[in-house]
Amino acid sequence: MPAPSILHVKLQIRQPIALDVDFEVQGFTALLGASGEGKSTVLKALAGLIPSLGPPFGKLPPQRRPVGYLPQGYALFPHLRAWENVAYALGGALGAQRRAALTLLQSVGLAQQAELRPAQLSGGQQQRVALARALARQPQVLLLDEPTSALDANTRDDILAELVSRMHQLSMPALAATHDASLAAMSDWVVLLSGRQVIQQGPPAEVFAHPASRSAAALLGVRNRFAARVLRHAPERGLTLLQWEEAGLPLWAPLMAACETGCLIDWAVSPDEVRLPPLKPGQLADVENPVSGRIEHLVVQGASATLALRCGEARLWLRAPLRLIKHQGLRIGSAVTVHLRAEHLMCWRR
(Lines give C-alpha, C1' and ligand atoms only; values in the text may rest on other atoms or scores of the structure.)
Protein backbone atom coordinates (compact mmCIF):
# COMPACT_ATOMS: atom_id res chain seq x y z
CA MET A 1 0.00 0.00 0.00
CA PRO A 2 1.42 3.44 -0.88
CA ALA A 3 1.96 6.00 1.85
CA PRO A 4 -1.31 7.92 2.36
CA SER A 5 -1.52 11.44 0.92
CA ILE A 6 -2.31 14.09 3.56
CA LEU A 7 -4.71 17.01 3.11
CA HIS A 8 -5.39 19.54 5.89
CA VAL A 9 -9.03 20.68 6.08
CA LYS A 10 -10.04 23.68 8.17
CA LEU A 11 -13.52 24.94 7.31
CA GLN A 12 -15.81 27.65 8.64
CA ILE A 13 -19.39 27.11 7.48
CA ARG A 14 -22.39 29.23 8.46
CA GLN A 15 -25.17 27.98 6.16
CA PRO A 16 -27.15 25.73 6.07
CA ILE A 17 -25.73 24.89 9.52
CA ALA A 18 -22.90 26.36 11.57
CA LEU A 19 -19.77 24.20 11.51
CA ASP A 20 -16.12 24.87 12.35
CA VAL A 21 -14.04 21.77 11.63
CA ASP A 22 -10.32 21.11 11.60
CA PHE A 23 -9.03 17.67 10.58
CA GLU A 24 -6.73 15.75 8.27
CA VAL A 25 -7.45 13.57 5.26
CA GLN A 26 -4.87 10.78 5.12
CA GLY A 27 -5.28 8.27 2.34
CA PHE A 28 -8.83 6.89 2.46
CA THR A 29 -10.45 8.85 5.30
CA ALA A 30 -13.85 8.18 6.86
CA LEU A 31 -15.77 11.19 8.24
CA LEU A 32 -17.99 9.30 10.69
CA GLY A 33 -21.03 10.90 12.28
CA ALA A 34 -24.73 10.49 12.96
CA SER A 35 -27.43 11.99 10.73
CA GLY A 36 -27.70 15.76 11.02
CA GLU A 37 -24.13 16.33 12.24
CA GLY A 38 -23.02 17.99 8.99
CA LYS A 39 -21.01 15.28 7.20
CA SER A 40 -22.57 15.98 3.79
CA THR A 41 -22.31 19.71 4.46
CA VAL A 42 -18.52 19.38 4.89
CA LEU A 43 -18.24 17.56 1.54
CA LYS A 44 -20.42 20.13 -0.25
CA ALA A 45 -18.33 22.94 1.23
CA LEU A 46 -15.13 21.33 -0.03
CA ALA A 47 -16.70 20.93 -3.48
CA GLY A 48 -17.76 24.59 -3.46
CA LEU A 49 -21.48 23.79 -3.53
CA ILE A 50 -22.11 25.84 -0.40
CA PRO A 51 -20.18 28.88 0.94
CA SER A 52 -17.27 28.28 3.32
CA LEU A 53 -13.94 29.73 4.38
CA GLY A 54 -10.64 28.01 4.96
CA PRO A 55 -8.12 25.65 3.37
CA PRO A 56 -7.53 23.78 1.22
CA PHE A 57 -9.87 25.22 -1.45
CA GLY A 58 -11.57 28.19 0.23
CA LYS A 59 -10.25 30.78 -2.24
CA LEU A 60 -11.16 28.85 -5.40
CA PRO A 61 -14.48 29.02 -7.27
CA PRO A 62 -16.32 25.66 -7.57
CA GLN A 63 -15.32 25.09 -11.21
CA ARG A 64 -11.61 25.36 -10.36
CA ARG A 65 -11.59 23.09 -7.33
CA PRO A 66 -9.61 19.89 -7.98
CA VAL A 67 -12.19 17.58 -6.43
CA GLY A 68 -14.19 14.59 -7.63
CA TYR A 69 -17.61 14.41 -5.96
CA LEU A 70 -19.76 11.27 -5.66
CA PRO A 71 -23.21 12.17 -4.27
CA GLN A 72 -25.49 9.68 -2.55
CA GLY A 73 -27.10 7.27 -4.99
CA TYR A 74 -24.36 8.03 -7.59
CA ALA A 75 -26.71 10.25 -9.71
CA LEU A 76 -26.15 8.27 -12.92
CA PHE A 77 -28.32 9.04 -15.96
CA PRO A 78 -30.55 5.96 -16.38
CA HIS A 79 -30.94 6.41 -20.17
CA LEU A 80 -27.19 6.65 -20.84
CA ARG A 81 -24.76 3.78 -21.16
CA ALA A 82 -21.87 3.47 -18.72
CA TRP A 83 -19.34 5.11 -21.04
CA GLU A 84 -21.81 7.91 -21.85
CA ASN A 85 -22.30 8.65 -18.15
CA VAL A 86 -18.53 9.03 -17.82
CA ALA A 87 -18.21 11.00 -21.06
CA TYR A 88 -20.76 13.50 -19.75
CA ALA A 89 -18.05 14.84 -17.43
CA LEU A 90 -15.55 15.23 -20.29
CA GLY A 91 -15.22 18.05 -22.79
CA GLY A 92 -14.02 17.95 -26.39
CA ALA A 93 -15.10 15.97 -29.44
CA LEU A 94 -17.39 12.94 -29.06
CA GLY A 95 -14.75 10.50 -30.32
CA ALA A 96 -12.18 11.74 -27.85
CA GLN A 97 -14.79 11.63 -25.06
CA ARG A 98 -15.56 7.99 -25.81
CA ARG A 99 -11.88 6.97 -25.83
CA ALA A 100 -11.21 8.80 -22.56
CA ALA A 101 -14.37 7.36 -20.96
CA LEU A 102 -13.39 3.81 -21.95
CA THR A 103 -9.92 4.34 -20.48
CA LEU A 104 -11.44 5.53 -17.20
CA LEU A 105 -13.85 2.59 -17.09
CA GLN A 106 -10.94 0.25 -17.68
CA SER A 107 -9.11 1.85 -14.74
CA VAL A 108 -12.00 0.85 -12.44
CA GLY A 109 -12.37 -2.62 -13.93
CA LEU A 110 -15.51 -2.01 -16.02
CA ALA A 111 -14.25 -2.16 -19.60
CA GLN A 112 -16.60 -5.08 -20.35
CA GLN A 113 -19.67 -3.20 -19.05
CA ALA A 114 -19.13 0.03 -21.02
CA GLU A 115 -22.26 -0.46 -23.18
CA LEU A 116 -24.61 -1.30 -20.31
CA ARG A 117 -27.06 1.12 -18.72
CA PRO A 118 -27.25 1.65 -14.92
CA ALA A 119 -30.24 -0.67 -14.49
CA GLN A 120 -28.16 -3.50 -15.96
CA LEU A 121 -25.34 -2.99 -13.44
CA SER A 122 -25.00 -4.13 -9.83
CA GLY A 123 -24.75 -1.60 -7.00
CA GLY A 124 -20.98 -2.01 -6.89
CA GLN A 125 -20.66 -1.57 -10.65
CA GLN A 126 -22.80 1.58 -10.56
CA GLN A 127 -20.51 2.91 -7.86
CA ARG A 128 -17.48 2.29 -10.07
CA VAL A 129 -19.12 4.08 -13.01
CA ALA A 130 -19.71 7.08 -10.73
CA LEU A 131 -16.09 6.81 -9.58
CA ALA A 132 -14.84 6.82 -13.18
CA ARG A 133 -16.97 9.90 -13.87
CA ALA A 134 -15.51 11.66 -10.82
CA LEU A 135 -11.98 10.76 -11.94
CA ALA A 136 -12.65 12.41 -15.30
CA ARG A 137 -11.92 15.78 -13.66
CA GLN A 138 -8.43 14.56 -12.66
CA PRO A 139 -9.09 15.55 -9.03
CA GLN A 140 -6.59 15.91 -6.21
CA VAL A 141 -9.10 14.46 -3.74
CA LEU A 142 -12.23 12.34 -4.06
CA LEU A 143 -15.34 13.16 -1.99
CA LEU A 144 -17.82 10.34 -1.38
CA ASP A 145 -21.19 11.02 0.28
CA GLU A 146 -22.50 7.93 2.13
CA PRO A 147 -20.92 5.42 -0.28
CA THR A 148 -22.57 2.48 1.50
CA SER A 149 -26.14 3.82 1.42
CA ALA A 150 -27.10 2.03 -1.82
CA LEU A 151 -25.38 -1.27 -0.96
CA ASP A 152 -27.02 -4.37 0.50
CA ALA A 153 -25.49 -5.96 3.59
CA ASN A 154 -24.37 -9.11 1.75
CA THR A 155 -22.10 -7.28 -0.70
CA ARG A 156 -21.18 -4.18 1.31
CA ASP A 157 -17.89 -5.39 2.76
CA ASP A 158 -16.59 -6.71 -0.58
CA ILE A 159 -17.52 -3.51 -2.41
CA LEU A 160 -16.01 -1.31 0.32
CA ALA A 161 -12.78 -3.32 0.33
CA GLU A 162 -12.59 -2.96 -3.46
CA LEU A 163 -13.26 0.79 -3.30
CA VAL A 164 -10.56 1.40 -0.67
CA SER A 165 -8.07 -0.78 -2.57
CA ARG A 166 -8.78 1.05 -5.82
CA MET A 167 -8.16 4.44 -4.20
CA HIS A 168 -4.84 3.09 -2.89
CA GLN A 169 -3.93 1.98 -6.40
CA LEU A 170 -4.71 5.46 -7.71
CA SER A 171 -2.67 7.04 -4.86
CA MET A 172 -5.48 9.55 -4.42
CA PRO A 173 -6.74 10.80 -1.04
CA ALA A 174 -10.46 10.31 -0.48
CA LEU A 175 -12.92 11.62 2.12
CA ALA A 176 -16.03 9.51 2.68
CA ALA A 177 -18.90 10.92 4.73
CA THR A 178 -20.56 7.98 6.45
CA HIS A 179 -22.48 6.72 9.46
CA ASP A 180 -21.14 3.19 8.82
CA ALA A 181 -18.52 2.09 11.36
CA SER A 182 -17.58 -0.81 9.04
CA LEU A 183 -16.30 1.67 6.45
CA ALA A 184 -14.40 3.53 9.17
CA ALA A 185 -12.70 0.29 10.21
CA MET A 186 -11.44 -0.26 6.64
CA SER A 187 -10.09 3.27 6.25
CA ASP A 188 -6.59 4.68 6.66
CA TRP A 189 -7.78 7.51 8.91
CA VAL A 190 -10.99 8.16 10.88
CA VAL A 191 -12.50 11.52 11.81
CA LEU A 192 -15.38 11.47 14.34
CA LEU A 193 -17.99 14.24 14.10
CA SER A 194 -20.36 14.76 17.04
CA GLY A 195 -22.10 17.84 18.37
CA ARG A 196 -21.17 19.40 15.02
CA GLN A 197 -17.49 19.33 15.87
CA VAL A 198 -14.57 16.96 15.43
CA ILE A 199 -14.21 15.01 18.68
CA GLN A 200 -11.44 12.58 17.65
CA GLN A 201 -9.30 11.55 14.69
CA GLY A 202 -6.55 9.05 14.03
CA PRO A 203 -5.76 5.60 12.64
CA PRO A 204 -8.75 3.22 12.95
CA ALA A 205 -6.91 0.74 15.17
CA GLU A 206 -6.13 3.50 17.68
CA VAL A 207 -9.54 5.20 17.55
CA PHE A 208 -11.52 1.96 17.87
CA ALA A 209 -9.33 0.76 20.74
CA HIS A 210 -9.41 4.09 22.62
CA PRO A 211 -12.59 6.13 21.97
CA ALA A 212 -12.21 9.59 23.46
CA SER A 213 -15.74 9.75 24.93
CA ARG A 214 -19.07 7.97 25.22
CA SER A 215 -20.18 9.81 22.07
CA ALA A 216 -17.15 8.49 20.21
CA ALA A 217 -17.88 4.95 21.41
CA ALA A 218 -21.46 5.26 20.18
CA LEU A 219 -20.31 6.35 16.71
CA LEU A 220 -17.89 3.43 16.56
CA GLY A 221 -20.70 0.96 17.24
CA VAL A 222 -19.88 0.02 20.85
CA ARG A 223 -23.30 -1.15 22.08
CA ASN A 224 -22.51 -1.53 25.78
CA ARG A 225 -22.56 2.03 27.17
CA PHE A 226 -23.49 2.69 30.78
CA ALA A 227 -23.07 4.99 33.80
CA ALA A 228 -21.27 4.40 37.09
CA ARG A 229 -20.14 6.18 40.26
CA VAL A 230 -16.69 6.10 41.77
CA LEU A 231 -16.63 4.18 45.07
CA ARG A 232 -12.89 4.22 45.86
CA HIS A 233 -9.43 4.07 44.34
CA ALA A 234 -6.78 1.38 44.69
CA PRO A 235 -3.69 3.13 43.27
CA GLU A 236 -1.42 0.31 44.44
CA ARG A 237 -3.30 -1.96 42.00
CA GLY A 238 -3.85 0.70 39.32
CA LEU A 239 -7.62 0.28 39.72
CA THR A 240 -10.77 2.21 40.63
CA LEU A 241 -13.86 0.56 42.08
CA LEU A 242 -17.11 1.68 40.46
CA GLN A 243 -20.79 1.15 41.18
CA TRP A 244 -22.59 0.27 37.93
CA GLU A 245 -25.68 2.49 38.05
CA GLU A 246 -28.05 0.46 35.84
CA ALA A 247 -27.20 -2.95 37.34
CA GLY A 248 -26.28 -2.00 40.90
CA LEU A 249 -23.06 -3.99 40.73
CA PRO A 250 -19.46 -3.15 41.76
CA LEU A 251 -16.88 -3.18 38.96
CA TRP A 252 -13.13 -2.72 38.94
CA ALA A 253 -11.92 -0.35 36.23
CA PRO A 254 -8.58 1.24 35.24
CA LEU A 255 -7.44 3.85 37.75
CA MET A 256 -9.29 7.18 37.46
CA ALA A 257 -7.38 9.10 40.12
CA ALA A 258 -8.68 12.48 38.94
CA CYS A 259 -12.28 11.48 39.75
CA GLU A 260 -13.27 11.98 43.38
CA THR A 261 -15.49 9.56 45.29
CA GLY A 262 -19.09 9.85 44.14
CA CYS A 263 -18.12 11.23 40.74
CA LEU A 264 -20.46 10.11 37.93
CA ILE A 265 -18.70 8.63 34.92
CA ASP A 266 -19.58 6.98 31.62
CA TRP A 267 -18.15 3.58 30.79
CA ALA A 268 -18.35 1.11 27.93
CA VAL A 269 -17.11 -2.33 27.00
CA SER A 270 -16.95 -4.04 23.63
CA PRO A 271 -19.19 -7.13 23.24
CA ASP A 272 -16.03 -8.99 22.22
CA GLU A 273 -14.54 -8.34 25.67
CA VAL A 274 -17.49 -9.73 27.65
CA ARG A 275 -16.36 -13.28 28.43
CA LEU A 276 -18.37 -16.40 29.13
CA PRO A 277 -16.92 -18.81 31.71
CA PRO A 278 -13.94 -20.61 30.10
CA LEU A 279 -13.99 -24.27 29.09
CA LYS A 280 -11.23 -25.00 31.62
CA PRO A 281 -11.48 -23.87 35.26
CA GLY A 282 -8.81 -21.67 36.77
CA GLN A 283 -8.38 -19.43 33.70
CA LEU A 284 -9.89 -16.28 35.24
CA ALA A 285 -7.62 -13.40 36.20
CA ASP A 286 -7.82 -11.73 39.61
CA VAL A 287 -9.16 -8.51 38.10
CA GLU A 288 -12.23 -10.12 36.51
CA ASN A 289 -15.61 -8.56 37.26
CA PRO A 290 -18.26 -11.29 37.57
CA VAL A 291 -21.64 -10.18 36.24
CA SER A 292 -24.69 -12.43 36.58
CA GLY A 293 -27.80 -12.20 34.46
CA ARG A 294 -30.26 -14.03 32.24
CA ILE A 295 -30.06 -14.44 28.46
CA GLU A 296 -32.74 -12.38 26.66
CA HIS A 297 -31.59 -12.79 23.05
CA LEU A 298 -29.36 -15.29 21.24
CA VAL A 299 -28.61 -14.77 17.55
CA VAL A 300 -26.46 -17.36 15.77
CA GLN A 301 -24.12 -15.93 13.11
CA GLY A 302 -22.12 -18.76 11.57
CA ALA A 303 -19.51 -20.08 13.98
CA SER A 304 -20.30 -17.42 16.59
CA ALA A 305 -23.35 -15.91 18.25
CA THR A 306 -24.44 -12.59 19.73
CA LEU A 307 -26.18 -12.71 23.11
CA ALA A 308 -27.99 -10.10 25.18
CA LEU A 309 -27.83 -10.56 28.94
CA ARG A 310 -30.33 -8.83 31.24
CA CYS A 311 -28.52 -7.42 34.30
CA GLY A 312 -30.90 -5.38 36.43
CA GLU A 313 -32.00 -2.48 34.23
CA ALA A 314 -29.09 -2.98 31.82
CA ARG A 315 -28.77 -5.10 28.70
CA LEU A 316 -25.23 -6.36 28.25
CA TRP A 317 -24.26 -7.59 24.77
CA LEU A 318 -21.55 -10.15 24.10
CA ARG A 319 -20.17 -12.25 21.25
CA ALA A 320 -18.86 -15.75 21.75
CA PRO A 321 -17.93 -18.89 19.79
CA LEU A 322 -20.95 -21.09 19.13
CA ARG A 323 -19.09 -24.17 20.40
CA LEU A 324 -18.63 -22.50 23.81
CA ILE A 325 -22.33 -21.61 23.97
CA LYS A 326 -23.34 -25.17 23.09
CA HIS A 327 -20.82 -26.64 25.53
CA GLN A 328 -22.43 -24.67 28.37
CA GLY A 329 -25.97 -25.46 27.19
CA LEU A 330 -26.96 -21.81 26.99
CA ARG A 331 -30.28 -20.74 25.51
CA ILE A 332 -32.78 -17.92 25.91
CA GLY A 333 -33.77 -17.78 29.57
CA SER A 334 -30.54 -19.37 30.84
CA ALA A 335 -28.87 -17.81 33.87
CA VAL A 336 -25.16 -17.22 33.38
CA THR A 337 -22.27 -15.34 34.96
CA VAL A 338 -19.97 -13.51 32.53
CA HIS A 339 -16.71 -11.74 33.29
CA LEU A 340 -15.31 -8.33 32.41
CA ARG A 341 -11.58 -7.68 32.63
CA ALA A 342 -10.94 -4.35 34.37
CA GLU A 343 -8.45 -3.36 31.66
CA HIS A 344 -11.15 -3.72 28.98
CA LEU A 345 -13.49 -1.14 30.54
CA MET A 346 -13.34 2.24 28.77
CA CYS A 347 -14.17 5.06 31.20
CA TRP A 348 -14.76 8.81 30.80
CA ARG A 349 -15.56 11.48 33.37
CA ARG A 350 -18.75 13.35 32.54
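**Exercise 1. Take glutamate 296 and arginine 315: find how their side chains meet, and place both residues in the fold.**

Step 1. Start with the contact itself: the two side chains form a salt bridge, with an N to O distance of 3.1 Å. The criterion here is a side-chain nitrogen of Lys or Arg within 4 Å of a carboxyl oxygen of Asp or Glu.

Step 2. Now locate the partners. Glutamate 296 belongs to strand β14 (residues 288-301) and arginine 315 to strand β16, so the pair links distant parts of the chain, 19 residues apart. Helices (H or I, at least four residues) and strands (E, at least two) are DSSP runs, numbered from the N terminus.

Step 3. Check the accessibility. Glutamate 296 is partly exposed at 26% relative accessibility, and arginine 315 is partly exposed at 34%. Buried means under 20% relative accessible area, exposed over 50%, and partly exposed in between (1.4 Å probe, protein chains only).

A word on the ground rules: this is a predicted model, where local features need pLDDT of at least 70 and side-chain atom pairs count only at pLDDT 80 or more, while totals for chains, interfaces and linings use all residues. Residues are numbered from 1 along each chain as its sequence is written, and side-chain values use heavy atoms, with hydrogens and water left out.

**Exercise 2. Describe the salt bridge between arginine 319 and aspartate 272.**

Step 1. The N to O distance in this salt bridge is 2.8 Å.

Step 2. Arginine 319 sits in strand β16 (residues 314-321), whereas aspartate 272 is in the loop between β12 (264-269) and β13 (274-275); 47 residues separate these distant parts of the chain.

Step 3. Arginine 319 has a relative accessible area of 34% and is partly exposed. Aspartate 272, at 40%, is also partly exposed.

**Exercise 3. How many salt bridges does the whole structure hold, and which residues are networked with Arg98?**

Step 1. The search of the whole structure gives 14 salt bridges.

Step 2. Look at one of them: glutamate 115 and arginine 98 meet at 3.2 Å, N to O. Glutamate 115 lies in the loop between α3 (94-107) and α4 (123-135), and arginine 98 in helix α3, 17 residues apart.

Step 3. Widen the view, and Arg98 and Glu115 turn out to be linked with Arg81 and Glu84 in a network of salt bridges.

Step 4. Arginine 98 has a further role in the geometry: it lies over the face of tryptophan 83, at 4.8 Å from the ring centre. A charge sits over a ring if NZ of Lys or CZ of Arg is within 6 Å of the ring centre and within 35 degrees of the ring normal. Arginine 223 is placed likewise over tryptophan 317, at 3.6 Å.

**Exercise 4. Work out the aromatic geometry around phenylalanine 226.**

Step 1. The structure holds 4 aromatic pairs. Rings of Phe, Tyr and Trp (its six-membered ring) pair if their centres lie within 6.5 Å; planes under 30 degrees apart count as stacked, over 60 as edge-to-face and the rest as tilted.

Step 2. With tryptophan 244, phenylalanine 226 forms a tilted pair: 5.0 Å centre to centre, 55° between the planes. The pair links strand β9 (residues 224-234) to strand β10 (residues 239-244), and both residues are buried.

Step 3. With tryptophan 267, the centres are 5.1 Å apart and the planes at 45°, so this pair is tilted as well. Tryptophan 267 is in strand β12, 41 residues from phenylalanine 226.

Step 4. Put the pieces together: Phe226, Trp244 and Trp267 form one aromatic cluster.

**Exercise 5. Which residues have the most contacts inside the largest nonpolar core?**

Step 1. A nonpolar core is a set of buried Ala, Val, Leu, Ile, Met, Phe, Trp, Tyr and Cys residues joined through side-chain atoms within 4.5 Å.

Step 2. The largest one has 35 residues, and those with the most contacts inside it are Trp244, Ile265, Trp267, Leu276, Leu316 and Val338.

Step 3. Apart from this core lies another, of 33 residues, including Leu76 and Leu104.

**Exercise 6. How many disulfides does the structure hold?**

Step 1. The count is 0, where a disulfide is a pair of cysteine sulfur atoms within 2.5 Å.

Step 2. For cysteine 263, the nearest cysteine sulfur belongs to cysteine 259, 4.0 Å away. Cysteine 263 is buried, at 8%.
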